[in-house]
Amino acid sequence: KCVAGISKQSFQEIIEYGAAYLETLQLQGYSAAEDMFCEGQDLGIDVYKNMLFEKLYVPRQYHPEFIKMLLVGMFRQEYEKCRPELRSYSFSCYLKVASYILQRSNGPTIFSRKELRENCSVGEFRLNQLLGDISQKAEDVNKGFCAFVDRTTSWKKPLIQLDEENYFCLDARMVGYGFYEVLYQVLFEKMGNSLSREQGKLLEKLLYQMFQKKKIPYLAGKYLTEGDLSGRDCDMILDGKDKSMFLEIKKCPLPQSYETMDDVEVFKTLGKGLFYAQEQILAHRLRLKQKGMIELYDEQGRHLTDYETNGKRVLSVSICMPEYDFFTERQMVERILEVGRTGTFHAYDENRESALNGLNGRLERIRKLMAQLNDEKQVEHRAFFNSLFFSLQQIWMILRFSDGIEDFLGICSTLAYVTHGTGDVYAEIREAVRLKQMRHKMNGYQLIET
């Protein structure tokens with residue numbers, strides 16, 4: 001079969017060349033044990049190799065339904081406020097076009113202006129403006145990309161303009177996040193850095209809505225400063241029958257320089273996301289240890305409720321909004337956190353050393369919190385065994401297979417304690433769900449995706 005003038009045999013040759021190139025770069029190990037037993041001083045090299053592997057061979061994907069939820073939760077409110085100064089098309093118009101493209105593009109698809117205009121009921125002027133935002137010309141896609149450390153542009157917009165009438169979409173799952181990127185840039189022109197602050201609040205609200213939709217109860221609020229105990233916000237607590245969970249969420253995307261293999265910026269960003277969330281959770285646990293409970297208050301200082309663990313096992317979960325590639329893989333998470341617990345991060349380039357000051361300062365605070373939790377005794381090996389790191393989409397996926405709080409906590413527990421070394425978090429989630437379904441069948445009922 002021939003596609004765009006390229007034969008099936010030519011495609012196979014390209015795949016074989018890619019496999020050979022992968023081997024010459026020495027990116028893929030020969031055993032899962034290589035990742036499990038990597039020494040701390042080799043973490044930077046291992047992270048660099050994984051970054052390169054992900055860029056070359058693992059396309060980042062988002063479920064179309066998740067993208068639509070993200071657009072509504074993160075943009076509808078702010079876009080409608082600023083719309084008169086932004087664009088002629090409304091948010092509902094943008095969402096309608098995005099939803100149509102996401103639904104139709106199950107693989108490479110070409111859309112015509114006429115098809116979009118008729119099926120989305122949008123006028124020519126607004127359609128022109130909208131297509132100008134969500135597409136880039138074919139000759140501009142990944143322009144200047146010559147080597148694997150160069151930047152790409154294909155992920156920034158969902159459509160590629162072929163000519164005056166036709167637009168190409170690679171696949172809804174592979175380019176869908178471009179709809180988020182486009183609206184973010186449109187709003188950023190007007191709001192600047194205040195957009196990130198507003199989206200931080202909207203992100204917490206979206207997380208709450210996801211759990212409310214599944215009728216899973218949670219606690220949230222803040223606790224006040226008392227003596228030497230500082231006050232903090234507590235994004236979410238899940239309290240099950242025999243286990244509990246602290247969840248802290250950060251918007252904090254990977255830096256744009258991630259594509260150019262800038263590991264200094266990547267670790268700096270991990271300090272603001274993964275490590276910051278873990279620092280907050282350690283502070284929650286210290287408050288529990290020293291007071292026996294956490295007294296939660298709302299923004300107006302009104303008392304909401306008191307939380308006690310009653311001896312339950314506590315899981316610690318850091319969440320960042322976008323995908324974080326291999327960084328959310330169970331073994332990698334624990335390794336990064338363990339290296340941070342026992343050491344510090346430094347740049348080979350002395351001129352960039354200051355970029356890691358914030359991260360190393362946070363690691364010092366984490367070590368102090370852990371010392372207090374352990375009564376100044378030696379912290380045990382694998383102190384972060386109960387810690388997980390998820391993207392928001394991974395939480396969304398686990399919720400789809402959860403029929404209540406016990407299912408959600410059970411699947412997360414399996415992910416914390418059982419790993420198959422696949423390096424693919426979604427494969428691990430599927431396996432955790434399969435194990436959960438087996439337990440349910442033994443108990444006489446079946447868990448289904450909703």
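Helices here are DSSP runs (H or I) of at least four residues, numbered from the N terminus. With that in hand, here are some exercises on this predicted model.

**Exercise 1. R113 and its helix**

Find the element that holds R113, decide whether R113 is buried or exposed, and list its contacts.

*Solution.*
- Step 1: R113 belongs to helix 6, which covers residues 113-120.
- Step 2: Buried means under 20% relative accessible area. R113 has 13% relative accessibility, so it counts as buried.
- Step 3: Set aside the neighbours within four places in sequence, and R113 touches E124, L127, N128, L131, E164, E165 and Y167.

**Exercise 2. One helix, its buried side**

Work out which residues of helix 6 are buried, how they are arranged around the axis, and what they pack against.

*Solution.*
- Step 1: The buried residues of helix 6 are R113, E115, L116 and C120.
- Step 2: Looking down the axis of helix 6, these buried residues fall within an arc of 165 degrees, so they line one face of the helix.
- Step 3: Their packing partners are helix 5 (91-104), strand 3 (109-112), helix 7 (124-134) and strand 6 (166-169).
- Step 4: Now look just past the helix: S121 follows helix 6 and has a positive phi, near 50 degrees.

**Exercise 3. Two helix pairs**

Describe how helix 4 sits relative to helix 5, then do likewise for helix 16 and helix 17.

*Solution.*
- Step 1: The axes of helix 4 and helix 5 come within 10 Å, crossing at roughly 170 degrees.
- Step 2: Angles over 145 degrees count as roughly antiparallel, and helix 4 and helix 5 are therefore roughly antiparallel to each other.
- Step 3: Helix 4 brings residues including I67, L71, F75 and Y79 to the contact, while helix 5 brings residues including F91, L95, A98 and L102.
- Step 4: By class, this contact of helix 4 with helix 5 has eleven nonpolar, two polar and three charged residues.
- Step 5: Turn to the other pair. Helix 16 (residues 405-417) and helix 17 (residues 425-442) have axes that come within 9 Å and cross at roughly 125 degrees.
- Step 6: Helix 16 and helix 17 are therefore oblique to each other, and the crossing is right-handed.
- Step 7: Among the residues in this contact are E406, D407 and I411 of helix 16, with K436, R439 and H440 of helix 17. The contact of helix 16 with helix 17 divides into six nonpolar, three polar and five charged residues.

**Exercise 4. A leucine in helix 4**

Place L70 in its helix, judge its burial, and name its contacts.

*Solution.*
- Step 1: L70 is part of helix 4 (residues 64-82).
- Step 2: L70 has 1% relative accessibility, so it counts as buried.
- Step 3: Beyond neighbours within four places in sequence, L70 contacts F75, Y177, Y180, L206, M321 and L392.

**Exercise 5. Positive phi in loops**

Locate K215 and N310 between their flanking elements, and decide whether each is buried or exposed.

*Solution.*
- Step 1: K215 is not a glycine, yet its phi is positive, about 55 degrees.
- Step 2: K215 sits in the loop between helix 10 (194-213) and strand 7 (219-223).
- Step 3: Exposed means over 50% relative accessible area; K215 has 73%, so it is exposed.
- Step 4: N310, a residue other than glycine, has a positive phi near 55 degrees.
- Step 5: The loop holding N310 runs between strand 11 (303-307) and strand 12 (313-320).
- Step 6: N310 counts as exposed because its relative accessibility is 61%.

Notes
Residues are numbered from 1 along each chain as its sequence is written. This is a predicted model: local features need pLDDT of at least 70, side-chain atom pairs count only at pLDDT 80 or more; totals for chains, interfaces and linings use all residues. Side-chain values use heavy atoms; hydrogens and water are left out. Buried means under 20% relative accessible area, exposed over 50%, partly exposed in between (1.4 Å probe, protein chains only). The arc is that of the directions from the helix axis to the C-beta atoms. Contact means heavy atoms within 4.5 Å. Axes are lines fitted to C-alpha atoms, for helices over the stretch in contact, and angles run from 0 to 180 degrees between N-to-C directions. Angles under 35 degrees count as roughly parallel, over 145 as roughly antiparallel, 65 to 115 as roughly perpendicular and the rest as oblique. A crossing is left-handed if the near helix is turned anticlockwise from the far one by less than a right angle, and right-handed if clockwise. Ala, Val, Leu, Ile, Met, Phe, Trp, Tyr, Cys and Pro count as nonpolar, Asp, Glu, Lys and Arg as charged, and the others, Gly among them, as polar.
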